[in-house]
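Please look over the sequence and the model below before reading on, and keep both at hand while you follow the text.

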Amino acid sequence: MSLGSFIKKQFIDVLQWNEETEGVLAWRFPMQDFEIQNGAILNVRESQVAVFVNEGKIADVFGPGTHKLTTQTLPLLTNLKNWDKLFDSPFKSDVYYFSTRVQTGRKWGTPQPITIRDKDFDMIRVRAFGMYSYRIADARTFFTEISGTREVYTRDEVEDQLRGILMSSMASSLGGANVPFLDMAANQALMAQEVKDGLAQAFARYGVGLDEFNVASISLPEELQAALDERISAGMKGGLGADKMSGYTKFQVANAIPLAAQNEGGMAGIGAGLGAGLSIGQVMAQSMGGALQQQAPAPAPAAPPAPAEEPIEARLEKLKGLLDKGLISPADYDGAKAELLKKLIG
């Protein structure tokens with residue numbers, strides 16, 4: 001090397017990454033025409049990891065702190081470079097920084113419904129949406145499996161990969177969970193936990209740690225929801241047994257009180273709802289009693305009519321009205337609706 005070339009060569013005394021751009025997960029320190037000075041300082045901030053790579057092979061990994069670069073602090077790189085004695089000249093190496101901060105508030109959703117086997121409805125298709133957070137847990141694995149030797153690797157790029165893993169893991173978890181749809185709709189935390197366990201294992205394969213995973217909503221496609229509503233209507237029009245009708249009526253009356261209290265009519269709405277329910281119950285009891293009298297050889301003493309509540313269609317309309325007026329949250333609406341459906345078909 002000529003003296004002029006040596007003078008023009010640039011040496012690095014400090015290596016650090018300031019993370020000026022949001023959403024960057026991996027960044028290669030610019031090394032073109034540069035060499036690292038022996039004894040240079042490597043700054044690794046909290047929520048960062050620095051990795052030295054020699055000819056595509058990972059050597060030394062540094063966590064947060066200030067590190068002086070010598071053969072003692074770079075044992076693996078020293079071995080790869082065949083430095084059999086202390087070196088006192090600059091050296092070349094690729095240095096990659098990785099952000100280990102938790103990436104929060106990442107949204108997920110099912111672009112297509114997932115088909116699962118359900119013990120109540122046989123085969124159904126469900127949609128789900130929610131949020132999750134993650135971080136780089138193993139920089140070595142992330143470099144090897146995901147980011148590689150690219151100069152910059154962003155959050156958007158890795159999430160394209162994670163979404164595919166998420167959908168595959170969700171379909172597998174839900175398919176083998178044996179949790180009825182109505183239970184999942186009423187308890188979204190249960191569904192989230194069913195999916196999270198399998199998803200965490202799938203993410204770990206790529207050096208990614210799953211921090212949080214939640215389900216904001218779960219629903220049926222519109223055509224299946226319409227078919228379910230028709231089934232509910234048919235069940236109400238068909239002949240329900242006296243015992244089932246009595247239990248259903250009690251359930252409706254008990255649940256009408258807190259819902260009516262939230263309505264614009266307040267306690268007046270409770271009175272009106274109970275009055276209508278009792279009237280319906282009396283009519284149904286009289287009809288059922290007349291039919292029993294015709295079939296039985298000897299009339300039995302008439303039992304007092306069981307209190308009744310408004311039909312399921314009216315109840316669902318009332319729930320929808322509360323939702324439209326903002327008096328209840330979508331989660332409350334989904335949970336109450338799921339409970340009604342579960343009781344009806346139980």
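The paragraphs that follow go from the overall make-up of the chain to one sheet, then to a hairpin within that sheet, and finally to the nonpolar cores.

This is a predicted model, and the protein in it has 346 residues, of which 38% count as buried. Its secondary structure consists of 11 helices and 12 strands. When contacts between residues separated by 6 or more positions are considered, 70% of them join residues that lie 24 or more positions apart in the sequence. Towards the outside, the protein exposes about 18,700 Å², and carbon and sulfur atoms supply 52% of that area.

A useful place to begin is an open sheet of 5 strands, in which the order is β5-β4-β7-β2-β11 and the pairing is antiparallel. Its edges are formed by β5, covering residues 57–62, and by β11, covering residues 152–154, each of which pairs on one side only. On average, and with direction ignored, neighbouring strands of this sheet are turned by 20° against each other.

At one end of that order, the edge strand β5 runs antiparallel to β4, which spans residues 48–54 and is joined to β5 by 4 bridges. Two pairs let the reader trace this register on the model: Val53 stands opposite Ile58 in β5, while Ala50 has Phe62 of β5 as its bridge partner. The two strands form a hairpin with 2 residues between them, and in the turn Glu55 has a positive phi of about 50°. When following the side chains along such an element, it helps to recall that in a regular strand they alternate between the two faces of the sheet.

What, then, lies in the interior? In soluble globular proteins, nonpolar side chains tend to be buried together. Here the largest nonpolar core has 46 residues, and those with the most contacts inside it are Phe98, Tyr132, Phe142, Phe181 and Phe213. Strand β10, residues 122–136, contributes the largest share of this core, namely 6 residues. The surroundings of Phe213 can be examined individually: leaving aside residues up to four places away in sequence, Phe213 touches Trp108, Met131, Tyr132, Leu166, Met170, Ala192, Val195, Lys196 and Leu199. Apart from this core there is a second, separate one of 20 residues, which includes Val24, Val44, Ala59 and Leu74.

Note on methods
Residues are numbered from 1 along each chain as its sequence is written. This is a predicted model: local features need pLDDT of at least 70, side-chain atom pairs count only at pLDDT 80 or more; totals for chains, interfaces and linings use all residues. Side-chain values use heavy atoms; hydrogens and water are left out. Two strands pair if DSSP finds at least two bridges between them. Axes are lines fitted to C-alpha atoms, for helices over the stretch in contact, and angles run from 0 to 180 degrees between N-to-C directions. Buried means under 20% relative accessible area, exposed over 50%, partly exposed in between (1.4 Å probe, protein chains only). Contact means heavy atoms within 4.5 Å. Accessible areas come from the Shrake-Rupley method with a 1.4 Å probe; for residues, only the protein chains shown count as cover. A nonpolar core is a set of buried Ala, Val, Leu, Ile, Met, Phe, Trp, Tyr and Cys residues joined through side-chain atoms within 4.5 Å.
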